[in-house]
Amino acid sequence: MTVQQWSDYSHIFGNGRLKAVFSHSSFCSNSSQDRQHFARITGLDPSKLIIPQQTHSSNISVIGKAGGVKNSDGIFSTNTNLVCSIQVADCLPIFFVHGFKPVAGLVHAGWRGLARGIIRNIKNELDQIACNIFDFNILIGPSIHSCCFEVRDDVLGQIDSEFYRQKAYGRYEVDLQNWAVKQLLEIGGQKEKITIIRECTYCQDGKYHSYRRNGKKAGRMIALIGWG
Ligand SMILES: [Zn+2]
């Protein structure tokens, strides 16, 4: 039996040749060219990848050419020749596809990004290219869920109190997905256009990498979005 090496979410967007894919831990590429390899096997052009240098920032960039992007945790492209990419291991990979314009994006959002306003910055960047979040179909991919994501008192003040719950003395579970949804609705996103993949990367050992489970040696999943 061959193990499925990635999830294909393209059907959720139903936007012609658009592909939205997410690698599993069974996809292994031991070279620095792992994104190029993943693009190739999923039918996307590896030479057209946009590769942001992720820093848990709240920076979003609209990009018009392939290659690296400094200090950015979210990228949008208005060019159907390009392929957006991000990597994650527990943080939320958020896919964005415009309903009728050739605009797509990928955002890497953990609690830091959500606390620092990465979702608000999406609106600011979309305003620049005359796009409205209202028109986007949005998917929150596999990520760490409240069953496994907890924080301590030290960072609690940065988290929206609607989305944490005390589970033990000094320990709080956090619902990152619904916190992100609340912020997406606040900038004008449509609830019925948001899909959450209810798979926890920490629980699903064997299918996904998890930074919280495996620590510094954890691998990463790759998310790609582009027109094949
Ligand atoms: Zn879990």
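A: Helices and strands here are DSSP runs, with at least four residues for a helix and at least two for a strand. Keep in mind that this is a predicted model.

Q: How many helices and strands does the protein chain have?
A: The secondary structure comes to 7 helices and 15 strands.

Q: Why does the protein chain count as compact as a globular protein of its length?
A: Set the radius of gyration against the globule rule. The chain has 17 Å, close to the 17 Å that the rule gives for 228 residues, so it is as compact as a globular protein of that length. Along the principal axes, the C-alpha atoms fill a box of roughly 50 × 45 × 30 Å.

Q: What share of the contacts joins residues 24 or more positions apart?
A: Take the contacts with a separation of 6 or more. Residues 24 or more positions apart account for 59% of them.

Q: What does the protein chain expose, and how much of its sequence is buried?
A: About 10,500 Å² is exposed, and carbon and sulfur atoms supply 46% of that area. Of the 228 residues, 51% count as buried.

Q: How are the charged side chains placed?
A: There are 26 positive and 19 negative side chains. The centres of the two sets lie 5 Å apart.

Q: Now one residue. Is Ile-194 buried or exposed?
A: Buried means under 20% relative accessible area. Ile-194 has 13% relative accessibility, so it counts as buried.

Q: Where is Ile-194 found, and which residues is it in contact with?
A: Ile-194 is in strand E14, residues 194–196. Neighbours within four places in sequence aside, Ile-194 is in contact with Ile-138, Val-181, Leu-184 and Leu-185. Phe-96 lies 98 residues away from Ile-194 along the chain, with 9.4 Å between their C-alpha atoms.

Notes. Residues numbered from 1 in each chain as written. Predicted model: local features only at pLDDT ≥ 70, side-chain atom pairs only at ≥ 80, totals over all residues. Heavy atoms only, no water. Rg over C-alpha atoms; globule rule 2.2 N^0.38 Å. Buried < 20%, exposed > 50% of the residue type's maximum accessible area, 1.4 Å probe, protein only. Contact = heavy atoms within 4.5 Å. Areas by Shrake-Rupley, 256 points an atom, 1.4 Å probe, with all protein chains shown as cover. Lys, Arg positive; Asp, Glu negative; His and termini not counted. Charge placed at Lys NZ, Arg CZ, Asp CG, Glu CD.
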